[in-house]
Protein chains: 2
Amino acid sequence: MNKRNSQTTKKELKFAILATDVVLLTMDKKVLKVLLVETAAATPFPKMKTLPGGLISPNETAEAAVERHLAHKAGVSGAELEQLYTFSSVKRDPRGRVVSVAYLGLRPTISLGTKERPVYWQDVRHLPRLAYDHNEIVSKGVERLMAKLSYTTIAKGLLPEQFTLSELQSIYESILHHEFDKRNFRKKVLALGCLKKLGAKRRGEAHRPADLYRFVGGGSQVFEIL
Amino acid sequence: MNKRNSQTTKKELKFAILATDVVLLTMDKKVLKVLLVETAAATPFPKMKTLPGGLISPNETAEAAVERHLAHKAGVSGAELEQLYTFSSVKRDPRGRVVSVAYLGLRPTISLGTKERPVYWQDVRHLPRLAYDHNEIVSKGVERLMAKLSYTTIAKGLLPEQFTLSELQSIYESILHHEFDKRNFRKKVLALGCLKKLGAKRRGEAHRPADLYRFVGGGSQVFEIL
DNA sequence: ACAAAAGTGTTAGTGGTACACCCATGC
DNA sequence: GCATGGGTGTACCACTAACACTTTTGT
């Protein structure tokens, strides 16, 4: 274990392929959806769908690789990204050892598809069997989102710059599968002090216009628990 | 991006060395300590200390590699382990690209050292400069522990099978740097229903003997937040 | 007998939960 | 004018936080 750094053995140490996969989530009319792409024809999972992702280059970080692949494969940029988990099962990929650093990404609204590469937004509650261990990765991403809704402003990543309190509440209810009382919900989130009421209102719908809000501060903030 | 899987290019994809590092924490008399080992002589950080860790083999998972290195380098087995974060900065290791899947490990008591390889338990509040980006990894580990104390039974990993409520409280106070009221603390943790009072008491100290408890159920449990 | 930590209840305040009606708009 | 979601206040309950003394042991 000491003199393993000679030039000869060094090459053998480079046995693994490093990849990333992204669980990119968005809300589409009260349904949480994940972005999927078609597998390339020459893979061990023909016709199946996969998470967008790909290899990490020698001179880029995992996060940079995620951003690059999201842009190339799905035309998506500017998503809120956080590292999710690293999947290192030996048999993940039948072709050989591939370790994947998975990320969770959130997008305000579904900006569907691109030129040639087709993309799909699938309801996370009704997923088909995905290639590799990607069903497992999606589960982990959804779990993370559910957990973080409780104590952070992670919902920010799923909302446009300006939004109504009903839209925010709808995100919580749809993802957590739990209804909240409107008045109590408003009291609670406003008491956190992370929302700013804008003068404007959302008009154009067949009911009273709703006040618009935005999150103050960047990123997702964490609140006290104990 | 499509036909990259031919035999010729496949070799070039294996550019990275995959490693693991462990932030192994324990409590030593109200001080949170991390396990460090000496760097091997031929590394770019001579005389500095590092986290225990090492390469991931082609046919083992990251978690298996952590367990193997912990056993070999520090004689430690049976620690509670959870994946912490994957560090993929391009320049982490001056010798070349090394991506490290870091783990957080907890041990009940300090079982110090082994035969030849010396190990050190260092107060996490007063760490020297460590090799590589290991100071950053330790910080992330301590943050994770602090956060999880609030909503899980992660403290279980730092305690022996049987323990007193004062010992449990001391862990919370030492790690969170915050004192709790004894009566309120007891009420709260007992109300969670995850502790079982044993008949026995801890004797032999110059004061009234304390009731012994143990955690019910395995692993670390999560509690409701919202 | 003394030192040292263990164990135990009550109160006041705060935050959570449950609940029903009027408002502003588009059609 | 009617249908649709938007916006608001109060009362009760549960949990949290503050607080002091007696008990049991070892020396």
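Are Phe45(B) and Tyr132(B) buried or exposed? I began with this point in the predicted model. Both Phe45(B) and Tyr132(B) turned out to be buried.

**Entry: aromatic pairs**

I searched the whole structure and found 11 aromatic pairs over all chains. I looked up Tyr85(A) and Phe87(A), which form an edge-to-face pair, with 5.2 Å centre to centre and 65° between the planes. I then checked the accessibility of each partner. Tyr85(A) has 22% relative accessibility and so counts as partly exposed. Phe87(A), with a relative accessible area of 5%, is buried.

I returned to Phe45(B) and Tyr132(B), whose ring centres are 4.7 Å apart; their planes stand at 65°, so I noted this pair as edge-to-face. I traced where the partners sit and found that the pair links distant parts of the chain, 87 residues apart. Phe45(B) belongs to the loop between strand 2 (31–38) and strand 3 (49–50) of chain B. Tyr132(B) belongs to the loop between strand 7 (119–123) and helix 3 (134–149) of chain B.

I also recorded one aromatic cluster, formed by Tyr172(A), Phe180(A) and Phe185(A).

**Entry: charges over rings**

Which ring does Lys49(A) lie over? I found Lys49(A) over the face of Tyr120(A), at 4.3 Å from the ring centre. In chain B, I found the charged end of Lys49(B) over the ring of Tyr120(B), 4.3 Å from its centre.

**Entry: surroundings of DNA strand C**

Which residues come nearest to DNA strand C? I listed 22 residues around the strand, and those that come nearest are Asn184(A), Glu205(A), Ser166(B), Lys182(B) and Asp211(B). I noted that sugar and phosphate make up 41% of the atoms of DNA strand C that come within 4 Å of the protein.

I then sorted the surface near DNA strand C by class and obtained 13 charged, 5 nonpolar and 4 polar residues.

**Entry: base contacts**

I looked up polar side-chain atoms beside base nitrogens of DNA strand C. For Lys182(B), I read a distance of 2.7 Å from such an atom to a base nitrogen. For Asn184(A), the corresponding distance to a base nitrogen is 2.8 Å. For Arg183(A), a polar side-chain atom lies 3.2 Å from a base nitrogen.

Finally, I asked which elements give two or more residues to the surface near DNA strand C. In chain A, I found helix 5 (182–191). In chain B, I found helix 5 (182–191) and strand 9 (210–215).

How values were computed. Residues are numbered from 1 along each chain as its sequence is written. Chains are lettered from A and ligands numbered from 1 in the order in which they are written. This is a predicted model: local features need pLDDT of at least 70, side-chain atom pairs count only at pLDDT 80 or more; totals for chains, interfaces and linings use all residues. Side-chain values use heavy atoms; hydrogens and water are left out. A residue is near a molecule or strand if one of its heavy atoms lies within 4 Å of it. A polar contact is a pair of N or O atoms within 3.5 Å; within protein, one must be able to donate a hydrogen and the other to accept it, and residues adjacent in sequence count only if both atoms are side-chain atoms. Helices (H or I, at least four residues) and strands (E, at least two) are DSSP runs, numbered from the N terminus. Ala, Val, Leu, Ile, Met, Phe, Trp, Tyr, Cys and Pro count as nonpolar, Asp, Glu, Lys and Arg as charged, and the others, Gly among them, as polar. Rings of Phe, Tyr and Trp (its six-membered ring) pair if their centres lie within 6.5 Å; planes under 30 degrees apart count as stacked, over 60 as edge-to-face and the rest as tilted. Buried means under 20% relative accessible area, exposed over 50%, partly exposed in between (1.4 Å probe, protein chains only). A charge sits over a ring if NZ of Lys or CZ of Arg is within 6 Å of the ring centre and within 35 degrees of the ring normal.
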